[in-house]
Amino acid sequence: MDLGLKNKVVLCMASAAGLGKGIATEMAREGAKVMICGHNADRLTAAQADIEKETGNRPEAYLCDVNEAEDVQALVDHTVNKLGDIYALVNMGPGPKPGPFDSFADKDWEHAFNSCLLSYVRSIRAVLPSMRRLGGGRILNSTSSSVKDCLDNLILSNTMRMGVVGMSKTLSSELGKDNILINVIGPGRIGTDRITNLNAIRAEKAGISVAEYEKEDLKSFPLGRYGTIDEYGRLAAFLCSEANTYISGQTILVDGGLTRAY
């Protein structure tokens with residue numbers, strides 16, 4: 001299937017590593033003009049080289065902290081000036097730290113809000129004029145499987161990710177007249193550094209090794225394994241493409257059937 005992404009401008013937020021880098025890689029593989037960003041110069045440069053090596057399509061890269069409003073606007077302006085009007089925006093942000101409700105002060109809640117919700121608001125606001133000039137576009141907000149089934153010890157993430165879902169559903173109605181489709185995707189247990197870190201925390205709490213924890217953890221997985229970054233990226237590429245012409249306002253999980261909730 002031709003996704004129609006060739007030469008389309010795609011802006012991938014927080015894409016120097018993990019799922020964001022995986023999505024940017026799939027976009028580059030489809031021939032899009034990709035802009036990646038991150039706040040660590042070394043990791044960003046490495047991601048740029050990795051994506052070019054894997055796809056033959058070198059993305060542009062811009063140093064940016066998605067938590068800073070000025071950085072986000074500067075990134076969007078740079079993308080438009082360098083590559084042209086933005087067809088697709090992929091919102092991604094680092095998950096907030098784990099812990100129970102009583103362990104967090106106001107500053108923790110404020111940081112989680114800024115990172116996992118307000119940063120998405122800012123980037124969407126910044127790209128809309130560009131998408132409207134094009135006559136349409138795609139917005140994809142990456143969240144977590146917790147939007148369908150809250151995860152233990154992740155109250156900050158559970159709270160802020162649901163805000164993204166509510167915003168996206170509302171915007172699917174508001175932006176329909178502009179031919180802009182907006183959707184949410186959420187990873188279940190995908191093999192990323194964040195999952196590795198969370199598994200280490202959970203294993204320590206259980207008093208067992210990480211290997212023992214993962215062996216026990218995978219018993220509940222219908223497919224018996226963690227998902228891959230590539231699998232997540234392929235869904236993102238489809239939803240951001242011209243092949244998707246009528247899916248908007250939806251929340252789709254990439255979790256191999258692990259989540260039991262509808």
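This is a short talk on the fold of one protein and on a few residues in it.

Okay, ground rules before the tour. What we have is a predicted model, where local features need pLDDT of at least 70, side-chain atom pairs count only at pLDDT 80 or more, and totals for chains, interfaces and linings use all residues. Residue numbers start from 1 along each chain as its sequence is written, and side-chain values use heavy atoms, with hydrogens and water left out.

So, the overall picture. The protein has eight helices and seven strands; these are DSSP runs numbered from the N terminus, helices being H or I with at least four residues and strands being E with at least two. Along the principal axes, the C-alpha trace spans about 55 × 40 × 35 Å. How does the radius of gyration sit against a compact globule? For 262 residues a compact globule would come out near 18 Å, and the protein has 18 Å, so the two agree. That radius is taken over C-alpha atoms, and the globule rule is 2.2 Å times the number of residues to the power 0.38.

On burial, 48% of the 262 residues are buried. Buried here is under 20% relative accessible area, exposed is over 50%, and partly exposed is in between, with a 1.4 Å probe and protein chains only. The exposed surface is about 12400 Å², and carbon and sulfur atoms supply 52% of that. Those areas are Shrake-Rupley with a 1.4 Å probe, and for residues only the protein chains shown count as cover.

Contacts next, meaning heavy atoms within 4.5 Å. Of the contacts with a separation of 6 or more, 74% are between residues 24 or more positions apart.

And for the electrostatics people: there are 29 positive and 32 negative charges, and their mean positions are 4 Å apart. Lys and Arg count as positive, Asp and Glu as negative, while His and the chain ends are not counted. Each charge is placed at NZ of Lys, CZ of Arg, CG of Asp or CD of Glu.

Now the strands. Two of them pair if DSSP finds at least two bridges between them. Start at β1, residues 9-12, which is joined to β2 by four bridges and runs parallel to it. Valine 10 has valine 34 as its bridge partner in β2. Is β2 enclosed or open? Five of the six residues of β2, residues 33-38, are buried, so this strand is largely enclosed by the rest of the structure.

Strand β1 also pairs with β4, again parallel, through three bridges. Cysteine 12 has valine 90 as its bridge partner there. From β4 we carry on to β5, parallel once more, with four bridges, and alanine 88 stands opposite arginine 138 in β5.

Strand β4 itself, residues 88-91, is a nice one to look at. In a regular strand, side chains alternate between the two faces of the sheet. Here Ala88 and Val90 point one way, Leu89 and Asn91 the other way, and all are buried.

Coming off β5 (137-142), threonine 143 is in the loop that leads to α5 (155-174). With 6% relative accessibility, threonine 143 counts as buried. Skipping residues up to four places away in sequence, threonine 143 touches Arg161, Val164, Val184, Ile185, Gly186, Pro187 and Tyr232.

Some of those names come back with valine 254, which is in strand β7, residues 251-254. Valine 254 is buried at 15% relative accessible area. Beyond four places in sequence, valine 254 has contacts including Gly186, Pro187 and Tyr232. Valine 254 is also 65 residues from arginine 189 in sequence, with 8.5 Å between their C-alphas.

Over in helix α5, look at methionine 160. Methionine 160 is buried at 8%, and leaving aside neighbours within four places, it contacts Trp109, Ala112, Phe113, Cys116 and Leu117. For alanine 112, the C-alpha distance to methionine 160 is 7.0 Å, across 48 residues of sequence.

Last stop, backbone torsions. Which loop holds asparagine 153? That would be the one between β5 and α5, and its phi is near 70°, positive in a residue other than glycine. Asparagine 153 is partly exposed at 33%. Asparagine 179, in the loop between α5 and β6 (180-187), has a positive phi of about 60° although it is not a glycine. At 43%, asparagine 179 counts as partly exposed.
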